[in-house]
Amino acid sequence: IVRLILGGELTESIGRMRTARVALTDRMIAKAAEMEADAIINVRYMTTSVVGTAAELLVYGTAVKLHS
């Protein structure tokens, strides 16, 4: 709470967001593999503040199949 009021880096939150970003990226890659996609393009990461220190992370991209 003190860091929220006075400012400063919230290292615990940064670590959790990094972990979540990696997990969501892995999930997106797995879903693209299920679809037999060759690549994921136009990947976007969005973070929004929900309440207080809670945040929502959204990761999305376009799975593509290349023609041979």
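Which residue in S2 stands opposite serine 49? Turn the model until you can see the two strands, and you'll find that the partner of serine 49 is alanine 55 in S2. Keep in mind as you look around that this is a predicted model.

Let's step back and take in the whole chain. The protein chain has 68 residues, and its secondary structure comes to two helices and two strands. Start at the N terminus and follow the elements along: they run α-α-β-β. Buried residues make up 9% of the chain. The protein chain exposes about 5,600 Å², and carbon and sulfur atoms supply 59% of that area. What about contacts between residues with a separation of 6 or more? Of these, 37% come from residues 24 or more positions apart.

Now have a look at helix H2, which covers residues 11–34. You can do a little check on this helix yourself. With 24 residues at 1.5 Å a residue, H2 should span 34 Å, and its end C-alpha atoms are 35 Å apart, so the expectation and the model agree. Next, hunt for the residues of H2 that are tucked away: Ser13, Thr25, Met28 and Ala32 are buried. What do they pack against? The buried residues of H2 pack against strand S1 (39–49) and strand S2 (55–64). Just after H2, glutamate 36 takes a positive phi of about 60 degrees.

That brings us back to the strands. S1 and S2 run antiparallel, and nine bridges join them. Together they form a hairpin, with five residues between the two strands. Look in the turn for glycine 52, which has a positive phi of about 55 degrees. In a regular strand, side chains alternate between the two faces of the sheet. On the surface of the model, you can also pick out a nonpolar patch formed by Met46, Leu58 and Tyr60. Together, these three residues have about 270 Å² of accessible area. Methionine 46 has its place in strand S1. Is methionine 46 buried or exposed? The answer sits in the middle: its relative accessible area is 38%, so methionine 46 counts as partly exposed.

Finally, let's talk about charges. Side chains of opposite charge can pair when their charged atoms come close. How many salt bridges does a search of the whole structure find? It finds two.

One of the salt bridges joins the side chains of lysine 31 and glutamate 34, at 3.6 Å from N to O. Why are these two residues about one helical turn apart? Because lysine 31 and glutamate 34 are three residues apart in helix H2. Lysine 31 is partly exposed, with a relative accessible area of 47%, while glutamate 34 is exposed, with a value of 60%.

In another salt bridge, the side chains of aspartate 38 and lysine 65 meet at 3.7 Å, N to O. This pair links distant parts of the chain, with the two residues 27 residues apart. Aspartate 38 lies in the loop between H2 and S1, and lysine 65 lies in the segment after S2. As for their surroundings, aspartate 38 is partly exposed, with a relative accessible area of 42%, whereas lysine 65 is exposed, at 53%.

Key: Residues are numbered from 1 along each chain as its sequence is written. This is a predicted model: local features need pLDDT of at least 70, side-chain atom pairs count only at pLDDT 80 or more; totals for chains, interfaces and linings use all residues. Side-chain values use heavy atoms; hydrogens and water are left out. Helices (H or I, at least four residues) and strands (E, at least two) are DSSP runs, numbered from the N terminus. The expected span of a helix is 1.5 Å times one less than its number of residues. Buried means under 20% relative accessible area, exposed over 50%, partly exposed in between (1.4 Å probe, protein chains only). Contact means heavy atoms within 4.5 Å. Patches are made of residues with over 30% relative accessible area and no salt bridge: like charges are joined within 9 Å, nonpolar side chains (Val, Leu, Ile, Met, Phe, Trp, Tyr) within 5 Å. Accessible areas come from the Shrake-Rupley method with a 1.4 Å probe; for residues, only the protein chains shown count as cover. A salt bridge is a side-chain nitrogen of Lys or Arg within 4 Å of a carboxyl oxygen of Asp or Glu. Two strands pair if DSSP finds at least two bridges between them.
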